Amino acid sequence: MCGIIGVAKRRGNAVAEVLEGLKRLEYRGYDSAGLSVLSGGAIATVKRGGRVSGLEEGAAALSGGVAIGHTRWATHGEPSDQNAHPHTSGAFSIVHNGIIENFAELKAELLADGAEFLSQTDSEVIVKLIDKYYKGDALSAVAKAVERLKGSYALAVLCRDFDGIIAVKYKSPVVVGFSESGVTLCSDVPALPAEVTSVCVPEDGDFAVITAQSARFYNSSLTPVMRVRRPVFLDQFNSGLGCYAHYMIKEIHETQRTVRETCEGFFRTVDVKRLSEYVRGADRIIMTGCGTAYNAGLAARRFFSDRCGVFCQVEIASELRYFPPRVTPATLVLAISQSGETADTVEAVQELKKAGARVVAVTNCGYSAITRVAHMVVPVCAGAEVCVAATKSYTGQLAALYLISKLSCDVFDAQSELLSVCPRIGEVVKGAERAKEIAALCAQSKAVFFLGRGIDYAVAVEASLKLKEVSYVFSDGYPAGELKHGTLALVDENTLSVFVICDEALAEKCLNAASQIASRKGKVAVITCLDGVAEKLKGTATVWKIPDSPLNLSPFSSAVALQLVAYHAAIILGRDPDKPRNLAKSVTVE
Ligand code: M6R
């Protein structure tokens, strides 16, 4: 949440590069944006409430070789021009991602010293502290200031007396990228410019002193330290919208490629022998994550119960962190996270690792915090996912978890089974007309309920999350058997109930529930891969028949169908599906 960037260029204007970087970082927050540039020993700043595009006019007149920028997801203080970053004081300008937990007491102290504050943010205390401690050595002033901070911070600091950037990392992400034209620091790898060829990932407590020529790293006692520089290939991350109107629909169309590349990445990069020892030797498997990542675990639990015969549970990471189950060295924790930076997930698995469990990260971001906690990483190869709503990364997580689950059986079968989902997904994405029809029903309803049983229930929960976040229509996802235990009271002609019916053994029960709703004048829609459902519900429901599928592989196509429904509902209602209100893609605060 919040994106920061800093650029030190050998030649040319860093402002344009910061603006481009902020556009790539907007998925981390889009309440307000700003930048500062150093030129001729002076710092100029432009900042605004609203999106990065609102900065362009003000930034056009600015130039300089060193600049920092910020895109905000508000935590303290409303989204406004004043609360936008950078914050400045004396010789300094800073951008901050994180939360300063003790800002109120620091602010009181600084106010008593006579400091004046222009914003309601927690971040402004940082620049005031740096300024207070500055006696001609910027690095020492920054180090003294951060000694006073409690919380999390990724900081980029400009000082008018130093031709570079000082960065600090503690619990919030920062990477440093190197290219022919200079050095760029950034909240995460996918937002780096395409010409970056190598990256260093600072550790918690590190300082980085960045100039156009180099980056030097220091630990928290300001002792110089080496940080490994690794090659990166960024072209795949920066492919833009192409012929699509939104990233959400583009990324849904990239699902088949994600499944194929996740499968290929699994066999190319994972130590399959060691991972299968973990799976076969596990006394239980705990899957954890937040939001869509948690929902992927919910669906994947069915893969494990069918295949492994090992007890498998799925836990919401923000709960697990405070109520950890007992684990042993044989407990396998699968930490699911697209960004690999979700604070709740990272902290939860840190706790379980400390308690002795084995941690395997299932993530789309190879340089992320979760990869540094895990004993092993299983890659989700979705490429950059720009839309805040997770689509292709969900299906990629399902693919990775499916392969892991099969390690207790014949893993070579798993590969061809998994790849068989691709043509079915291809058929589903061609079904835009059906998706639009159900989307129109969603858009007209005051509430939408998604129902299913077994693995279909897991898909229903994810479908509900997708619809509510991109269309703002109230929705809930729950097991169809629960309908008569309470939720039926909500059904009337203004509600829509969407059933996911891919489990033949439970289909009749779902059809009965659908009839109970229809007889109470509730609208009904169905996504099914089973033949005969449309005939049975003729006249009472809108049915989208998707291609036949083995049960455990059905979420790959039913979930994509429901992502399309959510997308079209957002479009019908005039929402921006890529940047839903109040949300950000990487949730790096608790
Ligand atoms: O990066 P992560 O997978 O850890 O993110 C977890 C959730 O914040 C995320 O899945 C969120 O629920 C989705 N963006 C919703 O579409």
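**Close-up views of a predicted model**

**View 1. Ile94 in strand β6.** I94 lies in strand β6, which spans residues 92–100. The model shown here and in the other views is predicted. I94 has 0% relative accessibility and therefore counts as buried. Leaving aside residues up to four places away in sequence, I94 touches I68, H85, P86 and H87. The contacts of I94 also include S123, I126, V127 and I130. L155, A156 and V157 complete the list of residues that I94 touches. Of these partners, I126 and I130 are also among the α4 residues that make the contact with α5. For a long-range reference, take I94 and G454. They are 360 residues apart in sequence. Their C-alpha atoms are 50 Å apart in space.

**View 2. Helix α3 against helix α4.** Helix α3 covers residues 103–112 and helix α4 covers residues 124–133. Their axes come within 10 Å. The crossing angle is roughly 45°, so α3 is oblique to α4. The crossing of this pair is left-handed. On the α3 side, the contact residues are F103, L106, K107, E109 and L110. On the α4 side, they are V125, K128, L129 and K132. By class, this contact has five nonpolar and four charged residues, with no polar ones.

**View 3. Helix α4 against helix α5.** The axes of α4 and helix α5, residues 138–147, come within 8 Å. They cross at roughly 130°, which means that α4 is oblique to α5. The crossing of α4 and α5 is right-handed. From α4, the contact is made by I126, L129, I130 and Y133. From α5, A141, V142, K144 and A145 take part. By class, there are seven nonpolar residues, one charged residue and no polar ones in this contact. L129 of α4 appears in the contact with α3 and also in the contact with α5.

**View 4. Thr71 in strand β4.** T71 is placed in strand β4, residues 66–72. Its relative accessibility is 0%, so T71 counts as buried. The side chain of T71 reaches the backbone oxygen of G29 at 2.6 Å. G29 is also one of the residues that T71 touches, with those up to four places away in sequence not counted. The other contacts of T71 are C2, G3, L22, L25, E26, Y30, S32, A33 and V52. Along the chain, T71 and L111 are 40 residues apart. The C-alpha atoms of T71 and L111 are separated by 27 Å.

**View 5. Helix α15 and its buried residues.** Helix α15 runs over residues 421–429. Seven of its nine residues are buried, so α15 is largely enclosed by the rest of the structure. The buried residues of α15 are V421, C422, R424, I425, G426, V428 and V429.

**View 6. Thr528 in strand β24.** T528 sits in strand β24, residues 523–528. With 1% relative accessibility, T528 counts as buried. The side chain of T528 reaches the backbone oxygen of I501 at 2.6 Å. T528 touches I501 and C502, again without counting residues up to four places away in sequence. V533, V543, W544, K545 and I546 are also touched by T528.

Note on methods:
Residues are numbered from 1 along each chain as its sequence is written. This is a predicted model: local features need pLDDT of at least 70, side-chain atom pairs count only at pLDDT 80 or more; totals for chains, interfaces and linings use all residues. Side-chain values use heavy atoms; hydrogens and water are left out. Axes are lines fitted to C-alpha atoms, for helices over the stretch in contact, and angles run from 0 to 180 degrees between N-to-C directions. Helices (H or I, at least four residues) and strands (E, at least two) are DSSP runs, numbered from the N terminus. Angles under 35 degrees count as roughly parallel, over 145 as roughly antiparallel, 65 to 115 as roughly perpendicular and the rest as oblique. A crossing is left-handed if the near helix is turned anticlockwise from the far one by less than a right angle, and right-handed if clockwise. Contact means heavy atoms within 4.5 Å. Ala, Val, Leu, Ile, Met, Phe, Trp, Tyr, Cys and Pro count as nonpolar, Asp, Glu, Lys and Arg as charged, and the others, Gly among them, as polar. Buried means under 20% relative accessible area, exposed over 50%, partly exposed in between (1.4 Å probe, protein chains only). A polar contact is a pair of N or O atoms within 3.5 Å; within protein, one must be able to donate a hydrogen and the other to accept it, and residues adjacent in sequence count only if both atoms are side-chain atoms.
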